[in-house]
Amino acid sequence: MKVFLTGSAGFIGFHTAKALLEQGHTVHGYDSVNSYYDPFYKEIRLKVLRTFPNFHFAKGLLEDATALSTAYLACEPTHVIHLAAQAGVRYSIENPHAYISSNIVGFQNILELVRQHRPENFVYASSSSVYGSNTQLPFSESHTTASPISLYAATKLSNELVAHSYTHLYKIPTTGLRFFTVYGPYGRPDMALFQFAARMERGEKIPVFNHGQMVRDFTYVDDIVAGILAALAKPEQGGIYNLGRGNREPLLRMIEVLEQALGIQADKEFLPLQAGDVVETSADITNAQEKLGYDPQTGIEVGIPRFIEWYRSVHPRSLTFTK
Ligand SMILES: NC(=O)c1ccc[n+]([C@@H]2O[C@H](COP(=O)([O-])OP(=O)(O)OC[C@H]3O[C@@H](n4cnc5c(N)ncnc54)[C@H](O)[C@@H]3O)[C@@H](O)[C@H]2O)c1
C-alpha cells in the first residue's frame with residue numbers, strides 16, 4: 001500500500017505509520033506539527049519515522065487546500081488514513097476556532113481529495129465523545145449520537161455525517177473509527193495519564209475531576225493501530241466502529257495502577273466535573289470484533305507500566321512540562 005496519513009507526527013498517527021512502515025508499506029505523512037502541546041513530542045516521533053526509507057513527510061495545514069493537494073498528489077496514495085485533528089475536549093472551550101478550522105474545514109479538504117482521486121479506502125478518526133450525554137452503557141454504534149456535549153464532539157460527529165453524505169453521493173469508501181481514551185508510549189502530554197505521571201514525579205497534587213467518580217475505557221495504542229489497519233484492509237461504504245478495550249476502568253483504579261508503576265503515592269485533589277466532560281465511557285466492541293476481527297489484548301495493568309517505561313526514558317525529572 002501507498003498510504004497518505006494525516007496526523008503522522010501525532011500520537012496515534014506515529015504508531016500507525018510505524019506499523020505500516022514495518023510491514024513494508026510506503027507512508028506519506030502530513031502534519032502541521034502545531035504547538036497545541038509541546039512539539040518536542042512530535043519531533044521525537046518524526047525522528048523515529050524518518051529512520052525508515054519508505055517514510056516521506058510534508059509539513060502543512062489541513063486548511064491549506066493547495067498544500068494538502070500537492071502533498072496528496074505527490075503520494076498518489078492507494079489508501080488514506082486521516083488522523084490529524086484538533087484533539088482534546090477541554091481545550092475546545094477556550095479555543096473553539098481551532099476545532100472548526102482543523103476538524104470541519106480540514107476534514108472537508110481531505111474528503112474532497114478522496115472524492116476526486118478515489119483511493120481504495122479512506123479511514124478517519126472519530127471519537128467516543130460523539131455519544132455525548134447518552135446514558136445507555138456500554139456505548140454501541142446503534143445508540144443515538146444526537147447530543148454531543150462539547151464542540152470537539154460536535155466536530156467529530158459532523159465528520160461522520162459529512163462522510164456519510166459523500167459515501168451516499170459519490171459511492172466512495174469511508175470508515176469512521178470511534179477511539180476510546182487511547183494511551184501508551186509516545187502518548188499525549190495533554191491527557192490525564194501523562195499529566196498525572198508528570199505531576200506525581202514532581203511531587204505535585206493531581207486534579208481528580210468529578211471527585212474521582214469517572215469511568216473510562218482505556219485503550220492501549222497497539223490495539224487501536226490493529227483496529228485501524230483492519231479497517232483499512234476492508235473498504236466499506238459508511239462504516240462506523242467503536243474501537244475501545246471493552247472494559248470499564250474507574251479513574252481511581254487507573255490512578256492505583258499508575259502509583260504502582262511509578263512507585264509514587266498520588267496526592268489527589270478532588271474537584272467537580274469539568275464542562276464538556278462525560279462521566280463514563282465504555283465501548284461495546286462487538287461490531288469491530290465480528291466484522292474487523294478486532295481483538296484488543298492489553299489491559300491497563302500491562303499498558304500503564306509500558307507507558308511509564310517510555311515516559312521515564314524520554315522524560316527525566318528535571319525536564320519541565322508546561323501544558
Ligand atoms: N488519543 C485519544 O484518546 C483519542 C480519542 C478519540 C479520538 N482521537 C482522535 O484520533 C486522532 C489522533 O489523535 P492523537 O491522540 O494522535 O492526537 P495528536 O494531537 O497527538 O495528533 C494529531 C496531529 O494532528 C496534527 N494537526 C492538528 N491540526 C492540524 C491541522 N489543522 N493541519 C495539519 N495537522 C494538524 C497535530 O500537529 C498532531 O500531530 C484525532 O483525530 C483525535 O481527535 C484520539
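This text walks through the ligand site, the nonpolar core and one helix of a predicted model.

Start at the ligand. Its shell holds 27 residues. Gly10, Ala84, Ala85, Ser102 and Ala125 are the closest. Three elements each give two or more residues to this shell: helix α1 (11-22), helix α5 (96-117) and strand β5 (121-127). The largest share comes from α1, with three residues. Sorted by class, the shell around the ligand has 13 nonpolar, ten polar and four charged residues.

Now turn to the core. In soluble globular proteins, nonpolar side chains tend to be buried together. Here, the largest nonpolar core has 88 residues. Within this core, Ala197, Ile228 and Leu258 touch the most other members. Helix α8 supplies the largest share of the core, eight residues.

Take Ala197 as a way in. Set aside its neighbours within four places in sequence. Ala197 is then in contact with Leu258, Leu262, Ile308 and Tyr311. Leu258 thus appears twice: as a contact of Ala197, and beside Ala197 among the core residues that touch the most other members.

Ile228 leads to helix α8, where Ile228 is one of the buried residues. Helix α8 covers residues 221-232. The helix is mostly covered, with ten of its twelve residues buried. Val221, Asp223, Ile224 and Val225 are among them, as are Gly227, Leu229, Ala230, Ala231 and Leu232.

Does the length of α8 agree or disagree with its residue count? At 1.5 Å a residue, its twelve residues should span 16 Å. The end C-alpha atoms are 16 Å apart, so the two values agree.

Conventions
Residues numbered from 1 in each chain as written. Predicted model: local features only at pLDDT ≥ 70, side-chain atom pairs only at ≥ 80, totals over all residues. Helix = DSSP H or I, 4+ residues; strand = E, 2+ residues; numbered from the N terminus. Expected span 1.5 Å × (residues − 1). Buried ≥ 20, exposed ≤ 12 C-beta atoms within 10 Å, placed from the backbone. Near = placed C-beta within 6 Å. Nonpolar A, V, L, I, M, F, W, Y, C, P; charged D, E, K, R; others polar. Core = buried A, V, L, I, M, F, W, Y, C linked by C-beta atoms within 7 Å. Contact = placed C-beta atoms within 7 Å.
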